Amino acid sequence: MTTIRFSYGTTGLELDIPEKNLLAEVHMHSLPAVDDLDAVIADSLKNPIGSSSLAEIARDRRSACIVISDFTRPVPNQRTLPHILRTIEDAGVPRDAITILIATGIHDPTEGQRLIDLVGQDICDTYRIVNHLSEDKDTNRRIGEVDGIPIELDVAYLDADLKILTGLVELHLMAGYSGGRKSVLPGIASLETMKHLHGYKMIQHEGTQNCVLDTNPFHQAAVHVARQAGADFILNVTLDEKRNVTGVFAGDLEAAHEAACDLVARSAIVTIPELADIVVTCGGGDPLDRSLYQSLKGVAGAIGSVREGGTIILAAHNSDGAGSAAFIELLEELQSHMHYYELVTGPDYIKKDQWMIQELCNGLHRAEIIYVTEGLSHQKVRDYLMTPADSLDEALEMALKKHGDAAKILAIPEGPYVVPRLDPPVQGLYNWHSAA
């Protein structure tokens with residue numbers, strides 16, 4: 001037996017897999033952690049990629065908005081923000097004219113202890129911090145259109161004289177990679193904008209997938225919108241599986257972001273010898289797996305490594321339950337994954353949070369999904385079109401019973417942070433969105 005620990009909540013879960021069945025255990029390629037993080041952050045602001053230093057850019061600016069990720073992303077804000085704030089204040093931006101804007105996208109606001117955990121007590125006590133509210137018409141303003149889609153963004157950002165984006169660059173099932181332009185779209189975009197840019201056709205496009213930028217329509221739209229809104233400077237980080245910082249990338253919106261994406265690709269794309277009958281994965285652990293909505297990213301990461309008709313075992317804690325009311329309402333409406341396609345391909349059909357249900361249904365179109373969680377009842381898991389199991393051991397026993405004692409098992413302990421791929425790639429396999 002090989003014992004493998006999967007990311008799950010804050011503690012993890014272990015599973016014993018028979019060696020004769022284990023096709024591979026895939027992890028992120030090891031990258032060295034940054035030794036002196038404060039020194040590297042300070043240097044990146046002085047010697048950025050593709051732009052002038054932050055101090056030069058901030059000189060004579062009257063106000064500033066710094067966009068940060070919400071509590072679902074493990075960004076080391078307490079290490080990065082002090083450097084940014086000190087730099088722009090030294091350059092003359094008044095402290096009372098600085099706004100820290102939390103890029104919630106369409107998520108719930110980050111408040112209370114979660115806000116303190118996100119930025120630290122000192123910053124909470126000293127600076128103006130606001131949450132982006134995607135459904136508040138008074139705090140979002142239309143700045144134009146992309147292919148007929150209205151673009152509405154947070155006024156706190158639009159009205160700032162200096163615009164700074166911060167975040168984490170990692171794999172992203174729709175945008176290819178997170179970070180950079182994604183802090184604007186969807187980070188501070190209105191629900192009306194995102195309903196269209198996360199619509200069925202966009203998600204189902206073959207270029208809308210992990211690790212793809214050049215042919216990714218969502219990435220292209222996000223860059224266009226961020227450039228239109230303005231982005232003076234970005235600071236993004238990359239992390240390893242232990243959440244150590246492996247790189248700091250500051251400067252131009254595209255140049256700095258692309259440099260970070262290159263590093264993530266070297267770390268996250270892992271070669272596998274063949275497709276597996278059974279893939280065991282997870283929602284990425286805390287904070288990503290606090291909801292089913294976010295945990296489904298584990299399905300998107302695994303789908304290109306399981307054979308058609310196979311099984312994906314997904315473990316996620318779900319301490320916050322399933323997700324938003326709209327997400328749950330649509331899930332409970334579905335009779336099957338094919339029912340979803342019938343609904344969303346109807347004329348003008350669009351609902352909040354349908355895009356993650358689409359990722360679930362695309363996964364179910366290829367494989368059975370057995371879900372291991374303590375945050376949802378067995379009946380809820382069934383209502384959400386998946387098969388419940390109390391433990392990884394039970395889930396594996398169920399899958400082996402279905403696929404036989406000789407079934408090949410792939411283990412992805414970090415879940416959505418790793419993309420297993422065949423080498424050479426199989427044409428069309430990773431463009432699985434078009435399968436439905």
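**Reading salt bridges and strands**

Colleague: Why does Arg-142 count as partly exposed?

Modeller: In this predicted model, Arg-142 has a relative accessibility of 47%. Partly exposed covers values from 20% to 50%, so Arg-142 belongs there. Glu-145, at 44%, is partly exposed because its value falls in that range too.

Colleague: What makes the contact between Glu-145 and Arg-142 a salt bridge?

Modeller: The side chains of Glu-145 and Arg-142 come to 2.4 Å, N to O. The cut-off is within 4 Å, so this pair qualifies. As a general point, side chains of opposite charge can pair when their charged atoms come close.

Colleague: How many salt bridges does the structure hold?

Modeller: There are 15. One of them joins Asp-161 and Arg-62, at 3.7 Å from N to O, which is within the 4 Å limit.

Colleague: Why do you say that Asp-161 and Arg-62 tie parts of the chain together?

Modeller: Asp-161 sits in the loop between helix H6 and strand E9, and Arg-62 in the loop between helix H2 and strand E4. The two parts are 99 residues apart in sequence, so the pair ties them together.

Colleague: And what makes Arg-62 exposed?

Modeller: Arg-62 has 61% relative accessibility. Exposed means over 50%, so the word fits Arg-62.

Colleague: How do you know that Asp-320 and Arg-114 form a salt bridge?

Modeller: Their closest N and O atoms are 2.8 Å apart, and the limit is 4 Å. Here, too, distant parts of the chain are linked: Asp-320 lies in the loop between strand E16 and helix H13, Arg-114 in helix H4, 206 residues apart. Asp-320, at 40%, is partly exposed, and Arg-114, at 30%, is partly exposed. Both values lie between 20% and 50%.

Colleague: Let's turn to the sheet. What makes E6 and E13 edge strands?

Modeller: Six strands form an open sheet in the order E6-E5-E4-E9-E12-E13, with mixed pairing. E6 and E13 each pair on one side only, and they are the edge strands.

Colleague: How do you know that E9 and E12 pair?

Modeller: Five bridges join E9 to E12, and the two run parallel. Pairing needs at least two bridges, so E9 and E12 count as paired. Ile-164, for instance, has Phe-233 in E12 as its bridge partner. Helix H1 packs on the sheet, touching E12 and E13.

Colleague: And which strand is joined to E14?

Modeller: That is E20, running parallel to E14 and joined to it by four bridges; at least two are needed for pairing.

Notes
Residues numbered from 1 in each chain as written. Predicted model: local features only at pLDDT ≥ 70, side-chain atom pairs only at ≥ 80, totals over all residues. Heavy atoms only, no water. Buried < 20%, exposed > 50% of the residue type's maximum accessible area, 1.4 Å probe, protein only. Contact = heavy atoms within 4.5 Å. Axes fitted to C-alpha atoms, helices over the stretch in contact; angles between N-to-C directions.
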